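Subject: Structure handover

Hello,

Here is the structure I promised to pass on. Please open it first, then read my notes below.

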Amino acid sequence: METFELIAPCHFGLEAVLKREIVALGYDIIKVEDGKVTFTGDAAAIARANMFLRTTERILIKVGSFQATTFDELFEGTKALPWEKYIPEDGRFWVTKATSIKSKLFSPSDIQSIMKKAMVDRLKKKYNRNWFEEDGADFPVRVTLMKDEVTVGLDTSGVSLHKRGYRRATVKAPITETLAAALILLTPWKRDRILVDPFCGSGTFPIEAAMIGANIAPGRNRSFTAETWGHLLPKKIWYHAVDEADDLIIRNPEMDIQGYDIDPDAIRAAMENARHAEVEHLLHLQQRPLCEMSHRKKYGFIITNPPYGERLSEKKELPALYREIGKIYRSLDSWSMFLISAYKDAQKDIGKKADKNRKIYNGMMKTWFYQYMGPKPPKRKHPENEALLSERPF
């Protein structure tokens, strides 16, 4: 089967997490760059990457790359790409997004228009047509210009992969599903450890943790644009990906995942979203203020996205809020805490410097992922080993 070069974009600062996911799926990495990972795979890899990768925004088939500093070069470079290999005569194609960074060509609308004309010009000659109805399957194209290097990709995902299909209800300033999953995967949390999000909002952190713990594929309940590309990708690869996803689910795992929020509307939204994600039975969601957070068990995890103080009135409340976070954390013996925040004085007001601090761009907003590492729990003795020890003569 043909091998494709595939591009997986992600949040800046989280490329290593995505790389680990791709390697775990069994594919070879070509290159890791700011905000994206490029790898190789066959047609089945396209379906499996869309189905299983938790931390990428979409999967692109790399059509080609070239240098362009003028619109003439952009036109000729685009026209030289083998579009007929991907787009059939009835295909509906357009440049859905153009991004330019440190390049001489910087107008997204002009880039999109010129590339569309170049694609039409090539396909007219290849299909011997003067007009295309474009009434078939969708073929959205995405292009990035980085230091005058043009990289062109065909979008196999369609709607961004952060839209798992479960978040029907939302609240102000929600964290995206892909970012939440990536941050959880950055921590040492496993499903046998307690996880609490005291600012759970619409439930993204608890829901993503439950899906990770139960091994539920993030793309299991949604569709992808490339499912209609029968001439390029066999339909059976999508059926196989769904079957694989269903087979890998861990039914009713023992987990202790809790989400709290002071806002009753947020808890109602979180409960609704958990039902759509089919993990409501794995979560405990409750209206509760931060000051009431406590837990009798040891070695738990706080993973959360507290308020950043985007409005002036909210900023005045941040020092007291983060001091309260520090107080709660100090009361939890042996716990670890991980929080993402754009608040620069977070460590000062928490009262403790983080063990690790990672800069992450949440969209265009610069944030920090503060990581407070608690001790590891003692290793459990294996029952079979204990039985063997008890039978050994001394």
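**R193 and its surroundings**

R193 sits in the loop that runs between α5 (177–186) and β8 (195–197). Please keep in mind that this is a predicted model.

R193 is buried, yet it has no salt bridge. Which side chain of opposite charge is nearest to R193? That is D192, and it is 5.6 Å away. A salt bridge needs a side-chain nitrogen within 4 Å of a carboxyl oxygen, so this pair does not count. The side chain of R193 does have a polar atom 2.9 Å from the backbone oxygen of Y299. Setting aside neighbours within four places in sequence, R193 is in contact with D256, Y299, F301, P375 and P377.

**The helix before that loop**

Is α5 enclosed or open to the outside? Helix α5 is largely enclosed by the rest of the structure, because 9 of its 10 residues are buried. The buried ones are E177, T178, L179, A180, A181, A182, L183, I184 and L186. What do these residues pack against? Their partners are the helices α1 (15–25) and α6, together with β11 (301–304), β12 (336–341), β13 (356–362) and β14.

**The loop after β8**

S202 lies in the loop between β8 and α6 (204–213). Its relative accessible area is 2%, so S202 is buried. Leaving out neighbours within four places in sequence, S202 has contacts on both sides of the chain numbering. Among them are R167, A169, T170, V171 and P174. I207, A266, A269, A270 and N273 are also in contact with S202.

**Strand β1 and its partners**

Strand β1 covers residues 4–9, and 5 of its 6 residues are buried. Which strands does β1 pair with? One is β3 (residues 36–41), in the antiparallel sense over 6 bridges. There, P9 has K36 as its bridge partner. Another is β4 (residues 60–67), again antiparallel, over 2 bridges. On that side, I7 is bridged to L60.

L60 belongs to strand β4. Is L60 buried or exposed? L60 counts as buried, because its relative accessibility is 8%. Not counting residues up to four places away in sequence, L60 touches E5, L6, I7 and P9. L60 also touches R142, G153, L154 and D155. H162 is 102 residues from L60 along the chain, and the C-alpha atoms of the two are separated by 15 Å.

**Aromatic pairs**

How many aromatic pairs does a search of the whole structure find? The number is 10. Here are two of them.

F224 and W238 form a stacked pair, with 5.7 Å centre to centre and 25° between the planes. This pair links distant parts of the chain. F224 is in the loop between α6 and α7 (236–248), while W238 is in helix α7, 14 residues apart. F224 is buried, with a relative accessible area of 5%. W238 counts as buried too, at 5% relative accessibility.

Y329 and Y372 form a tilted pair, with 5.8 Å centre to centre and 55° between the planes. This pair also links distant parts of the chain, 43 residues apart. Y329 is in helix α10 (residues 318–331), and Y372 is in strand β14 (residues 365–372). Both Y329 and Y372 are buried. Strand β14 came up earlier, as one of the elements that the buried residues of α5 pack against.

There is also an aromatic cluster, formed by F93, Y127 and F132.

**The whole chain**

The protein chain has 12 helices and 14 strands. Its C-alpha trace spans about 80 × 60 × 40 Å along the principal axes. What share of the 394 residues is buried? Buried residues make up 50%. Take the contacts between residues at least 6 apart in sequence: 76% of them join residues at least 24 apart.

Best wishes

Conventions:
Residues are numbered from 1 along each chain as its sequence is written. This is a predicted model: local features need pLDDT of at least 70, side-chain atom pairs count only at pLDDT 80 or more; totals for chains, interfaces and linings use all residues. Side-chain values use heavy atoms; hydrogens and water are left out. Helices (H or I, at least four residues) and strands (E, at least two) are DSSP runs, numbered from the N terminus. Buried means under 20% relative accessible area, exposed over 50%, partly exposed in between (1.4 Å probe, protein chains only). Lys and Arg count as positive and Asp and Glu as negative; His and the chain ends are not counted. A polar contact is a pair of N or O atoms within 3.5 Å; within protein, one must be able to donate a hydrogen and the other to accept it, and residues adjacent in sequence count only if both atoms are side-chain atoms. Contact means heavy atoms within 4.5 Å. Two strands pair if DSSP finds at least two bridges between them. Rings of Phe, Tyr and Trp (its six-membered ring) pair if their centres lie within 6.5 Å; planes under 30 degrees apart count as stacked, over 60 as edge-to-face and the rest as tilted.
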